[in-house]
Structure formats: C-alpha cells, structure tokens
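Student: I am new to this structure and would like a close look at a single part of it. Could you take me through the sheet in the first chain, with what lies around it?

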Amino acid sequence: MSTSAAEHAPGRAPADGIAARARGLTKAYGSGETTVLALDSVDVDIARGRFTAVMGPSGSGKSTLMHCLAGLDTVSAGQVWLGDTEITGLKDRELTRLRRDRIGFMFQSFNLIPTLNAAENITLPMDIAGKKPDEKWLDQVIDTLGLRDRLGHRPSQLSGGQQQRVACARALASRPELIFADEPTGNLDSRAGLEVLGFLREAVDRLNQSVVMVTHDPGAAAHSDLVLFLADGRIVDEMERPTAEAVLERMKRFDVIRSQFETDEQFETDGQFERDKRFETDGQFETDEQE
Amino acid sequence: MLKATLRSFLAHKGRLLLSALAIVLSVAFVAGSLIFSDTVTRTFDRLFASTSADVTVEPRQDLKSQVPTGEAQTVPASLADRVAKVDGVASVHADVSVQNITVVDSRNKSVGPTTGAPTIAADWYVTDRSPVALTSGHAPRGSGEALLDADTADKKDVKIGDTLTVLAQPGTFRVRVVGIATFKTTNPGAALVFLDPKTAADQLLGTAAKATSIEVMAAKGVSDAQLKTRVVDSVGARTYDIKTADEQAKSAAADLGGFLDVIKYVMLGFAGIAVLVGVFLIVNTFSMLIAQRTRELGLLRALGADRRQVRRSVLTEAVLLGLVGSTLGLAVGIGLAAGLIKLMSAFGMNLKTTEMVIGWATPVAAYVVGVGVTFVAAYLPARRAAVVSPMAALADAEIAGVGKPLRTRAIVGSVVGVLGAAALVGCVTAAKTASSASFLGLGVVLTLIATVIAGPLLVRPVIRVLGAAFPAVFGSIGRMSQRNALRNPRRTGATAAALMVGLALVGGMSVASASMSKSFDEQIDKTLGADFVIQNNNFVPFSKEVTDKVRGTEGVGLVVRQRFAPVAVRLPDGKRVETTAAGYDDGVDDVAHVTYAAGNTGAALAPGGLGMDVDFAKDHDVRVGSTLPVEFPGGQRTRMRVAALTDQDNSGGFGMQGGLFFGIATVEKYIPGGQDSALYVNASNGTNPDRLRTNLDKTLDAYPQVQVRDQADYKKLVHDQIAVLLYLVYALLGLAIIIAVLGVVNTLALSVVERTREIGLLRAIGLARRQLRRMIRLESVVIAVFGAVLGLALGLVWGVCTQQVLALQGMKALAIPWTTIVAVVIGSAVVGIVAALLPALRASRMNVLAAIAHE
C-alpha cells in the first residue's frame, strides 16, 4: 500500500495498492437550513495501476469527488489520502506542490497554455518545479501519443484531438501517482475521443499509470477497469469490466429515480445545482442517452 | 439602448476607474492652474488698484532692460510743485521708492526675501491708500530710524531697537528699527524698509532734489482721467509716464505677471502631459472593454441593433466617464489651487484661500477637456465596436483584434516617421535658429506620432530582445511572461506608449540640459580668464561701494567692471532691435579670451565705439565702420561706430541678442549712477590667488548680496541654474510615471481577467501563488521597460537634434547623461513591479476551481 510509483510492476496488474483513498468524505455547500451535501460521507479506494471511471447524473457530485481527491477543493468533513499522504488539512502551498509533483490533470477543454508550444506544455509542471524531465520516459510518452512531429506547434495550430493528446502527455510526463481526467473526451468528436481513451488505456496497460476519469459517457466508461456510480453524493454502485450497454442500463435507473424527485427538490436545492453546474460540464446526459 | 449603456457603464465601473483617474488628473491640472492664476490676478489687481494714487507721474520707461541696470530712474522733486498747481489737484507727494538696495542685519545676513522678490526702501508717507499701517513703535524721525514690515521682521527675527545696514547706491548707512509696519492687503512677498521722506531722498537717491515718482490725488469731483489730461498738459507726456490709478495697477500687475505666467504655463504643461498620456489609457481601456464584450456586442447586433447604435452606446459611456472624471477633476483642481496658494505663502506671498476666484472659464475648460478627451479617445474603439459582426455572438473568439494584421499601422507609421525624420534632418542641417527650431518642433511631434502608431509593430522585435534572457533566468515562468507581453501587441504597445511619451520628453530634455552644461563649461574654460568673478546670483547689480571695496582689497590687481544698459539700435537693414548691451572697462583681454572676426577690444571700448557679434552683424548688413543710431533710456539718442566684430562660440551665452558691448564710460554717460553687475578680478603680481580669495571673502563679508567665484564656482552656478530646468523635467517624469503606472495596472488587471481559465489551469497543474505573481510581475516589467526603451530612444534623438539647434546659439558640445538614462531604465523596471502589485495579488487570490470553470 505504501509502494512508491516507481516500483510498479509492468503489465496489466491487478490492484497492487491504493493510489488514493477517502473516508467519510463530505462536501457541503451553504450553511444552516440551506446546506446542500454534494458528497455525503463517501468512502472510496482508488486502486493503483488501474483505470477507474466515475459516473453519475448531473449534480451527483462526481466532479466534486474528483476535485476533493485531487486537492483542488477543500472538504467539509472526512479525510483524503494520496498514497499514504493525508491531503486534508494541507495548506495551499503544500497542496500546490502535491498537485505539481504527484498528480496529473486532463480537463475537458482549455487544457493547454496558448503561449507555449506542445513540448513546453508537456514539460510545464516539471519546469515549474525546476526539475529536469526524465528524457527516456518523456520520449516514450511522446511516441506512445504520436506527438513527435507536433512538438513545436502552438495549441492554436493543433486539432482538438491533438490538444487532448498533448494534455494527456503532460499528465503522464512527470510520471505522477495518479492522473485525473475530467471529461477528457467531452469536446471531441467520436473518433478523436476514442483515440484519447485508447491512450489512457495504454497509459494504464503499458506505462503502468493510475487513472481516474470522470465522465457522463457510457461508451467512455466502458474503456475503464472499474466504474463507480455516484448519485446524490454517495457511491451507490460499482461495476468491474464494464461494457457500454451495461453502464447505460445502470445509468437509466438513476434517471428514473432522479426525475421523480427532481421536481420537488429543485427549488430547495437551487444552490447546489447552481454550483454543481459550474463544475460539471455535462448536462447533455439525457440527450446522449436518447441518441 | 440608453438603459443598456448605463448598465454596462455601472457594471464596468471598476475597470473605468483608472481611466477616470487619468481624466481627473488632467482636468485637475487645467482647473487648478486657471483657478490659481485667476485668484492671484484678482488679488493683485485689487491690491494695486487700492494702493495706487489717482494719478502717478513717473520717469519715462522707453527701453526695458533684460537684466536690471541697478539705476533708480528719477524725476525732479520740484516737479511736485509744478503738478500741485494744476487745477483739480487735492494733494501731491514726491514719492521715493527704490529696489536697488540690500538690507543686512547686525550679522551681515540679508533680511531680504530669498525668493527673488525685491527688497524695497521707500519714504514713510501714510495715506488711506498705503498698503501698510504702523502697528507698533513710532514713525521714523530724521535719519537713522526706519520701519520694517512685519512679515520680514517675523521671518528674519528683527525687533524694534535692532540695527540694520542699508547698502544703497549712494552709500551704506545704518538705521535703527523704531517701528513695525503691517500689511493691510496681500503681501506680494517683498521686504519693505521705510525711512522718513527727507532721509529717503537723501540716502537712497543721493539728493533731496529727486523723487522716483510724483503721486497726485484728485480733488472732489475730478475724475482720474480728467486729472491725468490736465497733468499731461502741464508737464508734457514726452518726458514722463503719466498714469491713472487703473493704468498704474495694470502695469504693476503686468510686471508681476511674468513670474505668475511661468507657474501658469508649468501647470498647463502638466495638464498637457496628463491629457496626452491619459488619452492612451482611455483608448486602451475602451479597446479592452470592447474586446471583452465582443460577444455581447455581437448579440446586440444579432438582435437588430445597427452599427450607429452600438457606436453611440460606447460613446455615451465615454461621455458619462468624461463627465464623472471632469467633475471630480474640478474638485481636485480646487484643492490643487488651494495647495498652490498655501505654497505661495511659504514664499512670502500671503494669498488667502478664502478669496479663491473660480471664473466661469474654469468649469467650462474642465468639462471641455475632460469630456472632449474621453470622447476623442473612445472614438476609435467605438468604431471598432460598431464593426463587430453579429456572427461574433456565436464565434468563440478569444480576443478580438489580436490576429488582425498591422499593415495599416505599418504604412501610416512609416510615412509619418519618414516625414518626422526628414523634419529632424532639416533641423540638424538648417543654418538659422528660427527655422531649425521649427523643424525640431515639427520633427518631435511627427516622430512621436509615428512611434505611437508603429508601437505595436515594435513590440515583437524589441520584447524578443528585452525578454531574451527571461526563459534562461526564470524558466517557463519567464517564457510565459515574455510571451504574454507579446500576445496582444496593440495592447502592449498602447500601454507602453503612455510611459514612452513621458520618458521621451525626459530623455530629450536631459540630453539638452547636459549638453548646455557641458557647453557652458567649455565656454567658461575657453573664455573666462579672470581669477575671480564677483557678482550676484541673478545678475542683479550691486552698489558702487562693493566695487570700491574690492579695488581697495590687498592683492587685487586688475578689476574689470561689467555693467548692462538697455539699448535700441536701428540697423542698416531697417530693423530696430531692442536689446541689452554690456559695458566693460579696459583690460577685458586680461580677464577674458575674446576672439574677433574684425577689430579688437581696444577699438570696441573706445569712446563712440561699439562691438557686436559677427553673425548678428552679417544678418543685419552691419560692417566694421558702420555707424548706427543707438537709443538709450530716457529718449537719449546717439550714433555709434561699429569698431569690432566678435566671433565667439557662445555669443548668446547670456541670451542677449546681438552681443552688443562698448566701454563702460558710454554706459555711465547715458545711464549715470548705474550699478555694476559683475567684477572680473585678477590677482596683482606676486599674489597667490588663494590668498586673494581669502582677502576678498573678508572684504565682501559685509555685502552678502555678492559672491566671489573662481572658474569652478562659476561652473557650479551655471549648473545650478540649468538644474532648475531639470527639476521641471523630473516633475514631468513623476506625473508621466503616475499615469503610466495606472495604464500598466489597467492592462494587467484586464489581462488577468481575460486569462482567468489559463491561470486556473496553471494553478491546478501546480503553479504556486508566488510563481504566478512573479509571472505577472515579469510581464509588467517587460512592458514598462519596453516603454522606457522606446521613449529614451526617441528622447535621445530629440535631445541630439535639440543640441544641434543650440549649437547655432554657440552651445556646441553634446553630452548624453548615460547615468540618468540607465537610472530611468532601472526606474521603469521598478515601475513595472509596482504596477503589477495589485493585479498579481488578484490573480494569485483567484479560486482555482472557479477559474477552471470560468467562461
């Protein structure tokens, strides 16, 4: 459980440790009567060397969960560990360093600094830290993602799919303990999306990385090893070796429950929806499902 | 549409704040200077109007000297009796009032004002129009007694019973202070000593038969104008200046006006700088606001607003901003005027803030400047806003205008730049001062405009060089800050332009003043041959006694006196030139190195002889041997023969046109009793100059108005006088910097807002707050230094060209004050750091999650 990232055994291994862990993780917005729980006492273990997907309807708290695990957001109660470091209670400076050195990020859009070219974007976290990148590893990442001939390009000269590949390379470059991907395919067409998912899969299988991906797309979730289903701030289910059909079926059940109480709860929990919408970028879930 | 405009105005009030500040500053300077000069003018008009006699008879002043001649112009005292006989005269007084004196206390310290205001000695004659009243002690009786004004007594700690020494033209005498006279009106800053009338005439003018003016009061029912006509009929208008109270007040105010005009013009200069730099700030703010609102404007257009409406909406916003800024500026201007008035009382001019005059022109000017400038500055951005296509509402354009080619700018910029450069070349090659100076003015304006237009084009190459070391020194933070500065060349260019304008002026002026200092140094080295120069700081002449005492000092060899005389010459080309000529003793060649194109010193100083500058002579067809009609004060006319032409590098060293000079006997003949302005002293054979200096210092201890200077001291004096010009430059720099800082703050603040998501991303992937602040600081420094480099480069070119103009006046040396220039560059980096403080803090406080999710 306390093995460091460098000691990973190669190949697709079963869970050989815990990359991140939360106990009693609670995130509340507002106070007093208007308090809304985005996360309600969540216990979760993210396995090392695996590809974990977090799914759930809008407002289920999946993005909040990712932000809390990644040290981007503070928690209201409970504890979070990255590896064996407890990150709850860390100061901003320590959290910043932790994100820089031990976590990789991919967002849905606006992943790259427009003034830097692809190579500079990829090594940015290490440059910020003043560290030399591991050239061999970097070459491997760049070749795996097929970015060799794009390194000198600025983000504006890259397609959406290429941009996400650069973001993926950046997340991998410092060989972090855990990579968080927030809707990484949300802005891509299906081919480019598949490509990016393929790379994340490869990162886990060939480069032995640990990936947590938040998504609303059952097809994307199907690329993972394990799907965690979130609803109303709780983990309500999980699914090993998912398929798109199975995930979709599972999601449909939430939808029914959700539409039942959404009508009477919406006014009371206005605050929560407002806030969650800012963090979550889906909202097209229902349309997707109908397609 | 108006409602939308108002909403938008209020929504952006934070961002408009800095623009408003620029408007406030410029309006404040305009309003402050107008209020101040109105107040001063009104106060003195009142003072002079209330203290002038109904009719005053004065000696005729036909020629005004550029430097004081030290001579008190007089009328015969008997004139009073003649005037008294005129019908309608109620009373007549032969007034004595002179300024060619120095008053020192028992420790030989001058009690006169240190501000350049005069020390006046006058006869004690009380009427209801006297500006002063006896407030303690008693009136002076007979010789040896005097009154002193209360302000001077207070400032110099003189009490009743103290003894003062008056160094007057006829001779030095001592008086005991027997009373204090207090101003009933505004004290214009002078020191006043009153003597009893007979003593005044005797000891100040040397004879009781003279007076400096005749003051006439009209009998009841006789108007000032009527009385004037009758007095003119009686004594004639050719010999005397006869003025009514109104006329007298006006001319007195005009005499004072020169000094006040300087303050007014300096203030208006500040206002000009503030307006000029403020324009950039406003243009930039509106451009950025519009860039940010491209989508919103696109939506308005998509919803059916036509171009005119969009443009009008932006301009309405500008006018609102102008109105708010002008109103605040007017208020600040009133405060500024009050401050200036207080400052004047520190100089001894007791103006009252309660009597502040705000003429109708002040608010009109304030609003015209404030609203006008804002409107003009917002016009271009407004036009750009109007061409936003409705499609912009749908497109995901990051920042409008970034990628647009700068071709128009390049063309217009280079055309104006070439014209400006041509004008500067014209300035350098022109042979005449007047045409050269106008070429310079044109060149300065055109090159400034060209640099402002082409500024954005220079951003890339210059910042590439300036920031070249950044990635190496600061890593990816340095790289990002450098590229951020390059991101929107228009914006960076306009922001830097604000700093550029001020620093270009500073650069130009400092080169000019350094060159002047150097030229004067070389000039002094080359021409001044005397061991010592004895003179007053401002060429104010001193009494004959000083000359006598210096001549009597042990170890003094040759003494050459210099005395000035106002003259008018009628030249062969038909022109009449009024100027000031200098008179010298023989022996000039031993105290100065004068080079002659024709003739020699002896010929020029001989009776009836005249020397002048060879260039001036050429310009006006004068040759050696020409005989010119020359006028001296009091309508005296004579003809003088041009006996020598000087070919000095620096004929205009004292700014006297023509460089006319002749023997001191000529001055004495036409202006009897004049005072010397300078003495050039050589040590006698076998006397060590150091020893002589000690002797001279001892001799002159009793005469604090004059100083002994050797060459080094003399250079220092000149440098100090030029330094005054520099102080003005530094004050300009200060104001320009304040506004430029506002501009940089503005740009950075808006950039930070625009890059919210980018900042959020950087923070998410591990950029520390400190690093983020550094990134913004570095960007700010790059922009500021870019502005400084551009400004100084322009300023250096201007300075070198200015020196070329000065060279025509004989100031041939060019000096570039590198230390100042380096200091300015370093200072601009500091400015960048200061400007980045708030925006950097704001960026580092940004919530990471909110920033990531920011639209």
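Tutor: A residue is called buried here if 20 or more other C-beta atoms lie within 10 Å of its own. By that count, in this predicted model, buried residues make up 47% of the 291 residues in chain A. The chain contains 11 helices and 10 strands, and among its contacts between residues at least 6 apart in sequence, 72% join residues at least 24 apart.

With that background we can turn to the sheet itself. In chain A, 6 strands form an open sheet, and their order across it is 6-7-8-3-9-10, with mixed pairing. The edges of this sheet are strand 6 and strand 10, the latter spanning residues 234–240 of chain A, and each of these two pairs on one side only. From one strand to the next, the twist averages 20 degrees. In general, the strands of a sheet pair through backbone hydrogen bonds, and they may do so in either a parallel or an antiparallel way.

Let us begin at one edge, with strand 6 of chain A, which covers residues 103–106 and has both of its faces covered. On one side A:Ile103 and A:Phe105 are buried, and on the other side A:Gly104 and A:Met106 are buried as well. Strand 6 runs parallel to strand 7 of chain A, residues 178–182, and 4 bridges join the two; within this pairing, A:Ile103 stands opposite A:Leu178 of strand 7.

Further along the order, strand 3 (residues 51–55) and strand 8 (residues 211–214) of chain A also pair in the parallel sense, over 4 bridges. Here A:Val54 of chain A is found opposite A:Val214, which belongs to strand 8. Packed on the sheet is helix 6 of chain A, residues 160–173, which touches strand 6 and strand 7, and whose direction makes about 175 degrees with that of strand 6.

Another element of chain A deserves a look for its burial, namely helix 1, which spans residues 62–69 and is mostly covered, with 8 of its 8 residues buried. Its buried residues include A:Lys62, A:Ser63 and A:Thr64, and also A:His67, A:Cys68 and A:Leu69. After helix 1 comes A:Gly71, whose phi is positive, near 75 degrees.

To return to the edge where we began, strand 6 of chain A is thus a strand that pairs on one side only, with buried residues on both of its faces and with helix 6 touching it.

Methods:
Residues are numbered from 1 along each chain as its sequence is written. Chains are lettered from A and ligands numbered from 1 in the order in which they are written. This is a predicted model: local features need pLDDT of at least 70, side-chain atom pairs count only at pLDDT 80 or more; totals for chains, interfaces and linings use all residues. A residue is buried if 20 or more other C-beta atoms lie within 10 Å of its own, exposed if 12 or fewer, and partly exposed in between; C-beta atoms are placed from the backbone. Two strands pair if DSSP finds at least two bridges between them. Axes are lines fitted to C-alpha atoms, for helices over the stretch in contact, and angles run from 0 to 180 degrees between N-to-C directions. Two residues are in contact if their C-beta atoms, placed from the backbone, lie within 7 Å.
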